[in-house]
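Visitor: I have a model to look at, and I would like to know what its labels rest on. Please show it to me.

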Amino acid sequence: MRVHPLNTLMLISPAAVLLVVMLLLPVITVAVMSLTDWQFGAATLNWIGLANYVELWGDPVFRKSLGNTFLYLVLVTGGAVSIGLGAALLIESDSQLRGFYRTAFFMPVASTLIAMAVVWQFLLHPSAGMVNHLLELIGLTPRDWLNDRHVALYSLAVIGIWQMSGLALVLFLAGLKSIPQDVRDAGALDGISHPWERFRRITWPLLGPTTLFVVTVCAIRALQVFDTVHVLTRGGPNKSTEVLLHTIYAEGFSFFRMGYASAMTVVFIAGIFFLTQVQHTTMERKTHY
Amino acid sequence: MPEIKIKGLVKQFGATQVLKGLDLEVRDGEFLTLLGSSGCGKSTLLRLIAGLDQPDAGTIHLDDRDLLQLSPSQRNCAMVFQSYALYPHMTVGQNICTPLLMRGLNFWQRLPAMRWLFPVVRRKHAEAEISARKVAQSLGIADLLDRKPAQLSGGQRQRVALARAMVRHPAVFLFDEPLSNLDANLRQTLRAEIRQLHDQLGVTFIYVTHDQHEAMSMSDRVAVMREGRILQLGTPDEIYNHPANVEVARFVGAPRINLLPGEIRGNGSVWMLGRQIGHVEGMPDVNGEPVACQVGFRPQTNTQAHVDGLAIHGPVSAVEYTGAELIATVKLATSGQSCVFCLHSSHPNLRIGEPLRAWVPLDQIHIFGADGQRLAFCPHPVLLNAAA
């Protein structure tokens with residue numbers, strides 16, 4: 001069927017307008033702003049070219065923040081993927097309480113992280129927190145989990161893993177379901193019967209596409225960590241939990257250096273874009289195995 | 001002699017009994033087909049023989065070995081699935097090698113780097129690859145060994161699955177509707193190939209299908225199944241020409257067999273359309289009361305020549321042209337029931353509404369009693385008596 005060009009234009013316009021207004025314009029604005037020295041609320045601004053990016057390159061706080069974000073991303077993605085996969089395999093092997101486990105694990109994903117952060121604050125409180133009480137009970141030294149600069153980022157990562165492994169679990173359960181029973185049966189007849197062999201030769205390779213998807217989704221969400229940092233540590237102590245989004249927020253809305261914050265945002269968007277591209281190109285390939 | 005003996009096999013899924021105490025003996029080297037519509041338990045039976053499911057009661061023996069004590073891989077059965085069930089992440093060659101490597105190497109030897117560390121492992125891999133290549137050559141897929149299953153057509157995939165089954169020389173091949181996902185032409189080709197393979201290998205094939213053409217054209221014997229029971233076990237000829245009961249008669253043969261009501265009178269004489277067509281033997285005494293029966297004859301068994309047979313006439317209510325023949329539906333003038341006849345396509349003047357007259361030779365008639373079981377039928381005792 002031939003569609004008149006004008007009709008085509010009309011049909012795509014609602015989506016196109018939304019895309020431009022909600023996505024493209026803000027990104028372009030931020031990119032333009034990153035080339036200025038605009039301060040929040042200021043009446044004037046000057047073009048300073050790439051000076052913001054040059055400053056970023058030498059800024060120890062930004063470098064620390066980038067490093068922390070990367071470490072957090074690796075810890076949370078690795079942790080969430082391993083816990084999610086392990087739990088999914090356990091749940092799949094005995095289907096009795098599958099629905100219950102799925103809901104229980106998924107709850108952190110669905111809940112508001114700010115509210116959950118407060119709960120974690122209680123749990124990790126140096127004197128009243130349950131975690132330290134338990135540690136004392138088994139004879140270990142308690143720590144100030146959120147105010148010790150050696151462990152604060154790891155504490156945040158644990159909360160991140162707690163939140164993300166439910167998502168990983170649900171995705172892995174779906175992936176396990178999509179492995180055809182016939183292939184497992186064929187394996188049983190061919191001698192792939194030991195659980196480890198079955199995992200190594202059938203389950204794990206066939207979960208390849210799922211794993212890739214889970215890893216990228218977790219990585220993107222880890223890159224966007226903000227709520228827990230903002231509520232629990234505010235980037236401290238001594239910048240040890242400074243992460244990208246929080247640094248951007250602080251520069252923009254605490255120090256009002258909008259131009260500089262915009263430059264950081266551009267770097268941040270580039271990171272997300274890169275991860276999305278990795279996911280996209282690998283998912284698009286028809287034969288993932 | 002590897003012979004499969006199945007006794008009293010029961011399998012339940014929840015409250016539904018899929019197999020209801022099934023007995024079956026499969027002879028050595030025979031091509032046995034389990035034929036039935038979906039849900040009749042034929043695939044369940046196959047999975048029980050393979051060891052993929054455990055029965056709730058009953059025994060399965062191969063020779064004198066109790067198969068139920070063995071794991072699927074120890075049973076020496078290979079299976080070909082409808083979905084091919086190839087390992088999608090392995091090449092064709094690796095797929096075919098897998099059963100050999102899983103058997104030939106122990107747990108430690110199968111670990112990833114062992115191939116490069118130990119000559120024994122390397123030798124076993126090389127042997128497996130040689131066997132895989134041989135089998136692939138015999139099936140005409142040797143040039144596909146380095147491809148992944150996703151790059152193959154359905155027919156090629158099923159050949160790979162066959163190769164994977166053949167490579168370890170099993171005592172029994174199990175086929176679970178292997179041709180159902182293929183198009184008609186390919187199905188025909190592979191049907192012949194599988195039969196040829198059976199004759200070459202000389203081992204037992206158990207083949208599950210719902211396609212009666214497949215069953216009739218490939219098998220030595222066919223077991224017609226329904227609702228977890230075997231209705232009849234026999235050669236394709238017995239199944240078609242001497243159906244043991246009305247269900248088998250109805251299931252096998254296309255177009256479907258014609259079944260018209262008749263009655264058996266006290267002395268065993270069979271009456272239909274107002275005349276006596278013969279008598280049955282071994283009827284229990286029914287106190288002289290007439291009992292209902294079904295008179296069956298295949299659409300193909302009719303003649304235009306006037307023989308002493310069952311005369312059927314009435315107006316044609318539908319005509320189907322298939323090329324080789326005309327399938328005509330006739331509405332019986334006397335009772336209003338419908339009968340289907342296959343006529344030669346050159347049959348003249350067949351239009352809807354026109355009258356058609358055909359004769360069914362009496363020796364081609366099957367009589368089924370009220371319980372659906374076949375009754376021994378002697379046609380037209382009057383004539384026979386006259387001859388004597």
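Guide: Start with one definition: a residue is buried if 20 or more other C-beta atoms lie within 10 Å of its own. Keep in mind that this is a predicted model.

Visitor: Why is helix α1 of chain B called largely enclosed by the rest of the structure?

Guide: The helix covers residues 42–50, and 8 of its 9 residues are buried, so the rest of the structure largely encloses it. Those that reach the cut-off of 20 or more are B:Lys42, B:Thr44, B:Leu45, B:Leu46, B:Arg47, B:Leu48, B:Ile49 and B:Ala50. Just after the helix comes B:Gly51, with a positive phi of about 95°.

Visitor: How many of the residues of chain B count as buried?

Guide: Of its 388 residues, 39% do. Chain B has 10 helices and 21 strands, and its C-alpha atoms fill a box of roughly 90 × 50 × 45 Å along the principal axes.

Visitor: What makes two residues, one of chain A and one of chain B, count as in contact?

Guide: Their C-beta atoms must lie within 7 Å. By that rule, 16 residues of chain A are in contact with 20 residues of chain B. On the side of chain A, α8 (181–190) and α9 (195–206) each give two or more residues, and α8(A) gives the most, with 7.

Visitor: Which classes do the residues on that side of chain A fall into?

Guide: There are 10 nonpolar, 3 polar and 3 charged residues. Leu counts as nonpolar and Lys as charged, while Gly is placed among the polar ones.

Definitions and conventions. Residues numbered from 1 in each chain as written. Chains lettered and ligands numbered in written order. Predicted model: local features only at pLDDT ≥ 70, side-chain atom pairs only at ≥ 80, totals over all residues. Helix = DSSP H or I, 4+ residues; strand = E, 2+ residues; numbered from the N terminus. Buried ≥ 20, exposed ≤ 12 C-beta atoms within 10 Å, placed from the backbone.
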